[in-house]
Amino acid sequence: SFVLPEAEWDSCEALNFLGGSPIGNSRVKLTNIEDCIKKGYCKDNETPLEVASQQLIKDEINVLHTIGGDDTNTQAATLSKYILEKHGGK
């Protein structure tokens, strides 16, 4: 999870020019385990889908609104299916 402190709100405009997100999740394919390990999103003994699922469950997030193209929607659908199958849809 990421919370941008109010004191930093004035400086977050830089994201408009840099692209991406403050938590570094842009262009992440949760199904590309090797890349996620390389980028530090999960450890060698973890799967990105499980790490993402656990974070969503911990944060009590039950709705994701995607902004992006086909790949974004595909990754969201894959994550949703994983949560349904492995965690009973929590």
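Here are three short exercises on the structure above, each with a worked solution.

This is a predicted model, in which local features need pLDDT of at least 70, side-chain atom pairs count only at pLDDT 80 or more, and totals for chains, interfaces and linings use all residues. Residues are numbered from 1 along each chain as its sequence is written, and side-chain values use heavy atoms, with hydrogens and water left out.

**Exercise 1.** Work out which pattern the protein follows along the sequence.

Solution. Start by counting elements: there are four helices and zero strands (DSSP runs, H or I of at least four residues for helices, E of at least two for strands, numbered from the N terminus). Then read along the sequence, and you get α-α-α-α.

**Exercise 2.** Find the residues of the largest nonpolar core, and the elements that give two or more residues to this core.

Solution. First, the rule: a nonpolar core is a set of buried Ala, Val, Leu, Ile, Met, Phe, Trp, Tyr and Cys residues joined through side-chain atoms within 4.5 Å. Buried means under 20% relative accessible area with a 1.4 Å probe, protein chains only. Next, the list has 10 residues: Val28, Leu30, Cys36, Cys42, Leu49, Ala52, Leu56, Leu79, Tyr82 and Ile83. Helix H3 (48-58) and helix H4 (70-87) are the elements giving two or more.

**Exercise 3.** Is serine 53 buried or exposed, and what does it touch?

Solution. Place it first: serine 53 sits in helix H3. Its relative accessible area is 0%, so it's buried. Skipping residues up to four places away in sequence, serine 53 touches Leu79, Tyr82, Ile83 and His87 (contact means heavy atoms within 4.5 Å).

Technical notes
Buried < 20%, exposed > 50% of the residue type's maximum accessible area, 1.4 Å probe, protein only.
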